[in-house]
Amino acid sequence: MSAQINADTKSQVITTFDGHPLFSCSTCTAVIALQDELISKSFSGRDGRGFLIHSAVNLKMGKKEDRPLLTGVHTVADVYCVGCNERMGWYYLKASDQSQKYKEGKYLLEREKLIKENNWSLDD
Ligand SMILES: [Zn+2]
């Protein structure tokens with residue numbers, strides 16, 4: 001499904017996501033990801049808790065860089081909301097440690113930057 005969604009087909013994305021629990025940008029309410037795309041809530045972002053998410057929309061990627069994280073050096077690129085340019089988190093391009101390879105191609109989104117819609121419940 002997600003392979004058919006392009007950033008410039010916003011109405012299609014909204015139709016596809018309509019009625020599903022999802023994450024939106026806390027600044028401009030652009031749709032960012034479906035609840036179903038959430039992999040883990042127990043990650044650390046830059047300033048607080050972060051979510052590991054399988055795929056996301058309405059994000060643009062910044063410059064890639066090698067960044068030392070809690071679990072070793074990762075090649076990441078910060079991601080920004082296309083609606084308001086707010087930094088939402090980062091995208092994992094490459095993990096140096098073999099045990100961290102599962103993160104490659106996934107997003108780490110800052111919990112603080114997201115709002116929940118459509119009966120999304122967070123159990124913390
Ligand atoms: Zn936004």
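This report walks through a predicted protein model, from its confidence to its sheets, its core and one exposed residue.

**Reading the model**

Residues are numbered from 1 along each chain, as its sequence is written. Because the model is predicted, local features need pLDDT of at least 70, side-chain atom pairs count only at pLDDT 80 or more, and totals for chains, interfaces and linings use all residues. pLDDT is the predictor's confidence in each residue, from 0 to 100. Its mean over the protein is 87, and 82% of the residues reach 70 or more. Residues 1-5 stay under 50. For that stretch the model has five contacts beyond four places in sequence. Two residues are in contact if their C-beta atoms, placed from the backbone, lie within 7 Å. Where pLDDT is low, the predicted coordinates should not be read in detail.

**Elements**

The protein has one helix and nine strands. Helices (H or I, at least four residues) and strands (E, at least two) are DSSP runs, numbered from the N terminus. The helix comes before the strands in the order α-β-β-β-β-β-β-β-β-β. Among contacts between residues at least 6 apart in sequence, 47% join residues at least 24 apart.

**Two sheets**

Two strands pair if DSSP finds at least two bridges between them. Six strands form an open sheet in the order E3-E4-E8-E7-E6-E5, with antiparallel pairing. Its edge strands are E3 (38-44) and E5 (59-69), and each pairs on one side only. The twist averages 30° from one strand to the next. Angles run from 0 to 180 degrees between N-to-C directions, and axes are lines fitted to C-alpha atoms, for helices over the stretch in contact.

Another open sheet has three strands in the order E2-E1-E9, and its pairing is antiparallel. Here E2 and E9 (114-117) are the edge strands, each pairing on one side only. Neighbouring strands of this sheet are turned by 30° against each other on average, direction ignored.

The table lists three antiparallel pairs.

| Pair | Bridges | One bridge in the pair |
|---|---|---|
| E6 and E7 | seven bridges | histidine 74 with alanine 95 |
| E1 and E9 | four bridges | leucine 22 with glutamate 117 |
| E1 and E2 | three bridges | leucine 22 with leucine 34 |

In E1, Leu22 and Ser24 point one way, while Phe23 and Cys25 point the other way. All are buried. The hairpin of E1 and E2 has five residues between the strands. There, threonine 29 takes a positive phi near 65°.

**The core**

A residue is buried if 20 or more other C-beta atoms lie within 10 Å of its own, exposed if 12 or fewer, and partly exposed in between; C-beta atoms are placed from the backbone. Of the 124 residues, 27% count as buried. A nonpolar core is a set of buried Ala, Val, Leu, Ile, Met, Phe, Trp, Tyr and Cys residues joined through C-beta atoms within 7 Å. The largest one has 25 residues, and Ile32, Ala33, Ala56, Leu59, Met88, Tyr107 and Leu109 touch the most other members. Strands that give two or more residues to this core include E1 (22-25), E2 (31-34) and E4 (49-53). Not counting residues up to four places away in sequence, leucine 109 touches Ile32, Gly50, Phe51, Ile53, Ala56, Met88, Gly89 and Leu114.

**An exposed residue**

Aspartate 66 lies in strand E5. Why does aspartate 66 count as exposed? It does so because 11 other C-beta atoms lie within 10 Å. Aspartate 66 touches Val73 and Thr75, not counting residues up to four places away in sequence. Aspartate 66 and lysine 94 are 28 residues apart in sequence, and their C-alpha atoms are 8.9 Å apart.
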